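Hi,

Here is the structure I said I would pass on. Have a look at it first, and my notes on the charged pairs and the helix packing follow underneath.

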Amino acid sequence: MAQQKVSLPAKLINGGVAGLVGVTCVFPIDLAKTRLQNQQGARIYSGMLDCLAQTVRKEGYFGMYRGAAVNLTLVTPEKAIKLAANDVFRQHLSKDGHLPLWGEVLAGCGAGTCQVVVTTPMEMLKIQLQDAGRLAAQRPITVPAPAPSLAAAPPTPAQPAPPPRPSATGITLELLRTRGLAGLYRGAGATLLRDVPFSMIYFPLFANLNALGLGKQQGCHGDAHQQRAPFLHSFAAGCAAGSVAAVAVTPLDVIKTRLQTLRKGVGEDSYRGIVDCTRRIWNREGPSAFLKGATCRALVIAPLFGIAQGVYFLGVGEQVLRLLG
């Protein structure tokens with residue numbers, strides 16, 4: 001984040017705006033990541049581009065945004081909590097304006113822990129919606145039989161209609177009815193194991209990369225000589241730190257995605273927990289399976305956090321508050 005003091009309401013606005021813009025830009029790649037990570041055995045998609053091409057061909061352009069409504073609804077509080085919590089922890093752990101590396105890691109840990117409250121149900125619903133197209137592609141296409149002649153045997157019963165397309169509301173109500181509130185928090189432990197290390201890597205790495213470009217210059221709102229990195233430097237630092245952290249925790253993201261996927265394809269495993277999921281993936285698919293979707297994750301997370309740092313740099317939240325006040 002830029003090194004000037006920013007009020008908590010401004011941080012919340014900045015985080016929300018960054019999340020909305022970022023999700024809109026990179027959601028199709030995130031959809032490809034989910035479908036690639038859930039592939040077991042027979043491969044429907046050979047890679048990210050093939051997945052996106054098949055999605056557009058079979059489901060239309062907006063098929064790439066299946067589940068985006070859930071993210072757009074919940075990403076504002078999720079990103080706001082994450083970015084604001086990290087700043088709050090950093091302020092409390094700083095002494096005389098200096099924050100040691102252990103303090104940066106601890107602040108990131110606290111931010112990752114706080115965001116899980118919103119992240120888990122958001123990811124839970126998003127994954128079901130994103131993966132629906134992959135499951136539909138696995139179902140065999142039934143070819144209609146030719147029209148029977150007058151002397152033919154009685155017609156066979158009609159084929160059952162394909163299952164209706166799931167909706168976030170329907171999934172939520174079904175989970176609440178059958179499993180209670182805990183159903184929406186399935187995979188919370190795996191989400192915590194992914195998000196806490198991510199934040200512990202991302203925030204210290206960004207702060208140190210961003211510090212390389214710090215210099216005295218005029219603030220973007222006419223403030224007198226704030227110490228801050230140039231816009232492009234902050235954006236690049238956010239992208240670089242985001243991509244490194246994303247790839248580092250990809251194995252944990254694969255486990256989380258598998259655990260949170262409720263409907264499985266033909267011959268695909270179900271898992272009893274984190275340890276069982278890890279063991280089965282290792283034994284049946286090999287170590288490389290833990291890196292499924294790593295490229296997609298890097299391509300999703302890098303611009304997400306680059307945009308977030310750009311929004312913070314431009315002071316969107318401060319400008320909104322100034323207009324409202």
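E104 and R90 are both buried, and their side chains meet in a salt bridge, at 3.9 Å from N to O. This pair links distant parts of the chain: E104 sits in helix α4 (residues 101-138) and R90 in helix α3 (residues 68-93), 14 residues apart. Keep in mind that this is a predicted model.

That pair has company, since a search of the whole structure turns up 21 salt bridges. The one I'd look at next joins D253 to K33, with 3.0 Å from N to O. D253 lies in helix α9 (residues 250-260) and K33 in helix α1 (residues 8-38), so this salt bridge ties together parts that are 220 residues apart in sequence. Both of these residues, D253 and K33, are buried.

D253 also has a salt bridge with R297, here at 3.6 Å from N to O. Again the link is between distant parts of the chain, with D253 in α9 and R297 in helix α11 (residues 294-314), 44 residues apart. Why do we call D253 buried? Because its relative accessibility is 0%, and buried means under 20%. R297 counts as buried too, because its relative accessible area is 6%.

If you'd rather view the charges as a group, select D30, K33, E123, K126, R194, D195, D253, K256 and R297: they are linked in a network of salt bridges.

Now for α9 itself. It is mostly covered, with 9 of its 11 residues buried. Besides D253, the buried set includes T250, V254, I255, K256 and L259. Which helices do the buried residues of α9 pack against? They pack against α1, α4, α7 (188-211), α8 (231-248), α10 (274-285) and α11.

One helix pair to finish with: α3 and α11. They pack at an angle of about 65 degrees, and their axes are 13 Å apart. The crossing of these two helices is right-handed. On the α3 side, the contact is made by K79, K82, L83, A84 and D87, while α11 brings F305, A308 and Y312. By type, the residues of this contact of α3 with α11 come out as 5 nonpolar, 3 charged and no polar.

Cheers

Notes. Residues numbered from 1 in each chain as written. Predicted model: local features only at pLDDT ≥ 70, side-chain atom pairs only at ≥ 80, totals over all residues. Heavy atoms only, no water. Salt bridge = Lys/Arg side-chain N within 4 Å of Asp/Glu carboxyl O. Helix = DSSP H or I, 4+ residues; strand = E, 2+ residues; numbered from the N terminus. Buried < 20%, exposed > 50% of the residue type's maximum accessible area, 1.4 Å probe, protein only. Contact = heavy atoms within 4.5 Å. Axes fitted to C-alpha atoms, helices over the stretch in contact; angles between N-to-C directions. Left-handed = near helix turned anticlockwise from the far one by under 90°. Nonpolar A, V, L, I, M, F, W, Y, C, P; charged D, E, K, R; others polar.
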